[in-house]
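Got your viewer open? Let's take a short walk through this model, one selection at a time.

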Amino acid sequence: MLRSRAHGWSKWTALGALLGVVVGMSARGGASNAAESYDLVIANGRVMDPASGLDAVRNVGIRGGKIAAISSDPLEGKQTIEAKGLVVAPGFIDLHEHGQEPRNYQFQAHDGVTTSLELEAGTADVDQWYDRREGKSLINFGVAIGHIPVRMKIMKDAGTFLPVGDAAHREATAAELQQIDNEIERGLLRGALAVGMGINYTAAATHDEIVDVFRLAAKHGASVHVHLRHAGLQEPTTGLVGIEEVIAAAAATGAPLHVVHITSMGLKNTPRLIAMVKGAREHGLDVTTECYPYTAGSTQLESAIFDPGWQDRQGITYKDIQWTKTGERLTAETFEKYRKEGGTVVIFSIPEEAARTAVADPTIMIASDGMPLTGAKVHPRGQATFSRVLGHYVREEKVLDLMTALRKMTLMPAQRLEKRAPMFRDKGRIRVGADADVTVFDANRIVDKATYENPLQYSEGIQFVLINGVPVVKDAQLVDDVFPGRAARAPITP
Ligand SMILES: [Zn+2]
């Protein structure tokens, strides 16, 4: 119903081509340029802007990649998207996405994501990371300097994505510690958006080493996005112990702290971890957190989190682990075999109640933790997190309202980064002067299609996505051969 009322892009461009001469003559009278005052107009949509609270039918005029007008009056543009019946929202900002290749960006665009950030694992080489994507990216991209890859580089670990050797299992020497700190500081000087840490994966890193990294982050005003040292249910390796370490580091150094995927850290004790984040904030610390809307995690089977004792620590067993290359659940035998081989698994360990509590909480951001597309049965979260929140949890389950959900995926992530990277003041908002990163979707139809069985499916209901004013999704179809994505980066210190 709503869909049939919404005119598609192709229809409009065709109509515009037919009527162009007539419209141009009558509206402009030959002299005025008013008929083409905007590059693009999103007409008659329900504009929802969490920053201002605006929730009303408006016309949005875009010029030079920026939002140039928001008006109740009709606006004229060279191109028009008819958005009647559709929500016009700031593009979604994903703080946590490991899948940073062109194919991932296509899935993310279909899920409404306009800025995709790898802030947990990060990179060891900030310049190279940005250079590889500059001018070639569908959506905006950004990265943290990563303690994990830096430690792997300095300690010559053979792992590909996560450590498997010394970077996981050996204490760093004084000389190595100095090199790790130097590399992290260099990354910050080169405009890394944040510092990423995964202490559970660098299990032998001492508390001293962690605090020193926080100190560097504080010096450069960068938030530390951290996968906790412990994510289990048994003392002394509970998620609570894990969060105590980093809240203490944040308090003692002044570094802003962002705890990633709080549900896979807290498991059934997630509410206790959320209470720690809120308590820290109420007492003056800059501490935030995020979640994805799923009951499974995903990581590398060869990583340190599956070192002996993992069943007791995580409260799971072989059958709770799915091998992404085949979709099979593991046994004691296949666990040993695949752990030697190395590869990605999906781990069914998060109670639905934990996922639901975090998704519903207005203070917790949405971030996908999407994974590289390494198997036929990869986790669906990188492809479908945002549409799953809006379709399943907002529309179907009604655990939160639409504006609150949008705030958790637009304004809040922008605010998390804007002190360190002022360019984020112009993201996550529908405001004159803001970047024209815009997601237009049908709130009655938006739905995640990617599943654990069939994860490589585009979400539905995202009708138009603009990146810096350039459509990358039109009428729910990807646009070919456009690369309007730009680097989301902190200022570079000479
Ligand atoms: Zn993680």
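The tour starts at a metal site and then moves on to charged side-chain pairs. Keep in mind that the model is predicted.

**Stop 1: the zinc ion**

Select the zinc ion together with Glu120, His227 and His261, its protein donors. The donor atoms are OE of Glu120, ND1 of His227 and NE2 of His261, and they lie 1.8 to 2.4 Å from the metal. Along the sequence, the spacing of these donor residues reads E-x106-H-x33-H. Now colour by secondary structure: histidine 227 belongs to strand 10 (residues 224-227), while histidine 261 is in the loop between strand 11 (257-259) and helix 10 (262-266). The two histidines are 34 residues apart, so this pair links distant parts of the chain. Are they buried or exposed? Both histidine 227 and histidine 261 are buried.

**Stop 2: aspartate 39 and lysine 78**

How many salt bridges does the model hold? The count comes to 29. For one of them, select aspartate 39 and lysine 78, whose closest N and O atoms are 3.5 Å apart. Aspartate 39 sits in strand 1 (residues 38-49) and lysine 78 in strand 4 (residues 77-82), so the salt bridge ties together parts 39 residues apart in sequence. Switch on a surface and compare the partners: aspartate 39 is partly exposed at 29% relative accessible area, and lysine 78 is exposed at 52%.

**Stop 3: glutamate 185 and lysine 219**

Next, pick glutamate 185 and lysine 219, which form a salt bridge with an N to O distance of 2.7 Å. Here the link runs between helix 7 (residues 174-189), home of glutamate 185, and helix 8 (residues 207-219), home of lysine 219, with the two positions 34 residues apart in numbering. Lysine 219 has a relative accessible area of 60%, which makes it exposed.

**Stop 4: lysine 325 and glutamate 341**

Move on to lysine 325 and glutamate 341, another salt bridge, at 3.5 Å from N to O. Lysine 325 is in the loop between strand 14 (321-323) and helix 13 (332-341), and glutamate 341 is in helix 13, so the pair joins parts 16 residues apart in sequence. Lysine 325 is partly exposed at 42%, and glutamate 341 is partly exposed at 46%.

**Stop 5: a network**

Finish by selecting Lys66, Asp426, Lys427, Arg431, Asp435 and Asp437 together. Salt bridges link these residues into a network.

Conventions
Residues are numbered from 1 along each chain as its sequence is written. This is a predicted model: local features need pLDDT of at least 70, side-chain atom pairs count only at pLDDT 80 or more; totals for chains, interfaces and linings use all residues. Side-chain values use heavy atoms; hydrogens and water are left out. A salt bridge is a side-chain nitrogen of Lys or Arg within 4 Å of a carboxyl oxygen of Asp or Glu. Helices (H or I, at least four residues) and strands (E, at least two) are DSSP runs, numbered from the N terminus. Buried means under 20% relative accessible area, exposed over 50%, partly exposed in between (1.4 Å probe, protein chains only). Donors are N, O and S atoms within 2.8 Å of the metal (3.2 Å for Na, K and Ca); water is not among the atoms, so sites may look incomplete.
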